[in-house]
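Here are some worked exercises to try with the model open beside you. Have a go at each task first, then follow the solution step by step.

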Amino acid sequence: MPEIQSLSLKQARRLVLAAQGFNARQPKTVKAAHLNATIERLGLVQIDSVNALVRSHYLPLYSRLGHYSQALLEQAAWSSGRQRKLFEYWGHEASLMPLSFYPLMRWRMQRAERGEGIYKQLASFGREQQPLIHSVLQSVRERGALGAGSLAAGDKSKGPWWGWSDEKHALEWLFAAGHVTVAGRNGFERLYDLPERVLPAAVLNHAEVDEATAQRQLLMHSAQALGVASEIDLRDYFRLDPRDSKARIGELLESGQLTEVAVQGWSKPGYYPGTELKIPRRVVASALLSPFDSLVWQRQRTERLFDFRYRLEIYTPQHKRVYGYYVLPFLHNEQLCARLDLRAERAKGCLALHALHSEAGGLDDGAIVAMAEQLQNMAAWLGLSHVVVNCRRPEAVRLRARLQGSPSAFD
């Protein structure tokens, strides 16, 4: 039996950051090919409705590529014809994924139709409301892309689940089961249509991929996107069932597609794709990260890798928040060294920093310089004229001093 290789935590971090695309030089001009390649590397981008800065699915691409036109993502995700490169489905929560992943999700759609792997209430609705579901599907066939609001009759808030109407439940069940897909969005509202009117025929006519094969391929995509990962990390990336994940990882180890490794401080084995480790000598990157970025969305993994305990406080009452409403981790020189509570205050034309908290190691001068540059660049990307610092912590005072050369001030 071959000896299991050991990795230091620093080596593991470098593998992870490189796999996540943080060691690549940002292009001077971001084109559609750059954006599509980044999403192919990541496998998916999580969609979220919170708009404190910009809808969260735009941020992971910005963190890796820099200043890009948001229209490029909208074109790839919701345009018609050959420009469409992505589709929406349940990957890691609601996600945008490359079209090549669609055949790998059919088994999940089939399970959803049987009431498996979806919310219990939606599964019950699917069993009990088939006449309404068929009626809604017929409306989509006849009328084309529809939002739930155009179908709901009477009191649209009568549904007990997030105030959903019965028609919205029906559309969500049809979406989970693969009978409709997202053709576009009206604001943030999904517009549902038949897959054959939205997705390329080659994707829809792809040969059936059995469950085990699809799960193995998804786990390999996870391994490639994560660099090195525990079983929990691998399964969480595409939200696989633990039984499926453990069985498929065993098969991938046996075939040599995955290799086991021991990572410093990890109580469970790590896995990496293939048999040869290529560890970067260092990763030089600075970035502000979405709370839903794939580098940090698995919170226990973030603690294991970066000693950075991160929790979303959007739904925490204001008086109980520790760090703020919409807090972005700051990546600098292979560490998550700070967290920033940021808001795009468009009426004032500014990017507002409401709180800055550094980690135990503090922020050296290089980190402050990099943070100031990241804030100025983000403001420009968002079409905001300046950065305003509303925090009086010592590290924020130093940041403000660095920002003095641009229009920024305390409110």
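How many residue pairs are in polar contact between domain 1 and domain 2 (both at pLDDT 80 or more)?

**Solution.** Before counting, some ground rules. This is a predicted model, in which local features need pLDDT of at least 70 and side-chain atom pairs count only at pLDDT 80 or more, while totals for chains, interfaces and linings use all residues. Residues are numbered from 1 along each chain as its sequence is written, and side-chain values use heavy atoms, with hydrogens and water left out.

Step 1. A polar contact is a pair of N or O atoms within 3.5 Å; within protein, one must be able to donate a hydrogen and the other to accept it, and residues adjacent in sequence count only if both atoms are side-chain atoms.

Step 2. Applied between domain 1 and domain 2, that rule gives 4 residue pairs.

Step 3. Now see which strands are involved. Strand E3 (86-91) and strand E4 (93-98) each supply at least two residues of the side of domain 1 that touches domain 2. E3 gives the most to that side, with 4 residues. Helices (H or I, at least four residues) and strands (E, at least two) are DSSP runs, numbered from the N terminus.

Step 4. Sort the residues on that side of domain 1 by type: 8 are nonpolar, 2 polar and 5 charged. Here Ala, Val, Leu, Ile, Met, Phe, Trp, Tyr, Cys and Pro count as nonpolar, Asp, Glu, Lys and Arg as charged, and the others, Gly among them, as polar.

**Exercise 2. Describe the contact between domain 1 and domain 2.**

Step 1. Find the domains. The assignment gives domain 1 (5-102 + 207-273), domain 2 (115-199) and domain 3 (311-405); such bounds come from an automatic or database domain assignment.

Step 2. Take the distance: the C-alpha centres of domain 1 and domain 2 lie 27 Å apart. Their contact (heavy atoms within 4.5 Å) takes 15 residues from domain 1 and 15 residues from domain 2.

Step 3. Look at the area. Between them the two domains bury about 1200 Å², with 58% of it on carbon and sulfur atoms. Buried area is the accessible area (1.4 Å probe) that two parts lose on being put together, summed over both.

Step 4. Which three residues supply more than any other three of the area that domain 1 buries against domain 2? They are Arg84, Glu88 and Trp90, with 41% of it.

**Exercise 3. Follow the salt bridges of glutamate 88.**

Step 1. A salt bridge is a side-chain nitrogen of Lys or Arg within 4 Å of a carboxyl oxygen of Asp or Glu. By this rule the count comes to 25 salt bridges, and the count between domain 1 and domain 2 is 2.

Step 2. Glutamate 88 pairs with arginine 185, their closest N and O atoms being 2.9 Å apart.

Step 3. Glutamate 88 also meets arginine 190 in a salt bridge (3.5 Å, N to O). Arginine 190 lies in strand E6 (residues 189-193) and glutamate 88 in strand E3, so the pair ties together parts that are 102 residues apart in sequence.

Step 4. Are arginine 190 and glutamate 88 buried or exposed? Both are buried, where buried means under 20% relative accessible area, exposed over 50%, and partly exposed in between (1.4 Å probe, protein chains only).

**Exercise 4. Place the salt bridge of glutamate 211.**

Step 1. The partner of glutamate 211 is arginine 111, with the closest N and O atoms 2.7 Å apart.

Step 2. Glutamate 211 lies in helix H10 (residues 211-226) and arginine 111 in helix H5 (residues 106-113), so this bridge ties together parts that are 100 residues apart in sequence.

Step 3. Check the accessibility. Glutamate 211 counts as partly exposed at 28%, whereas arginine 111 is buried at 17%.

**Exercise 5. Find the surroundings of arginine 64 and alanine 285.**

Step 1. Arginine 64 is found in helix H3 (residues 59-65) and is buried, with a relative accessible area of 4%.

Step 2. Leaving aside neighbours within four places in sequence, arginine 64 is in contact with several residues, including Gln20, Phe22, Asp293 and Leu295.

Step 3. Alanine 285 lies in the loop between strand E8 (270-273) and strand E9 (286-288), and is buried at 13%. With the same neighbours left aside, alanine 285 is in contact with Phe22, Leu331, His332 and Asn333.
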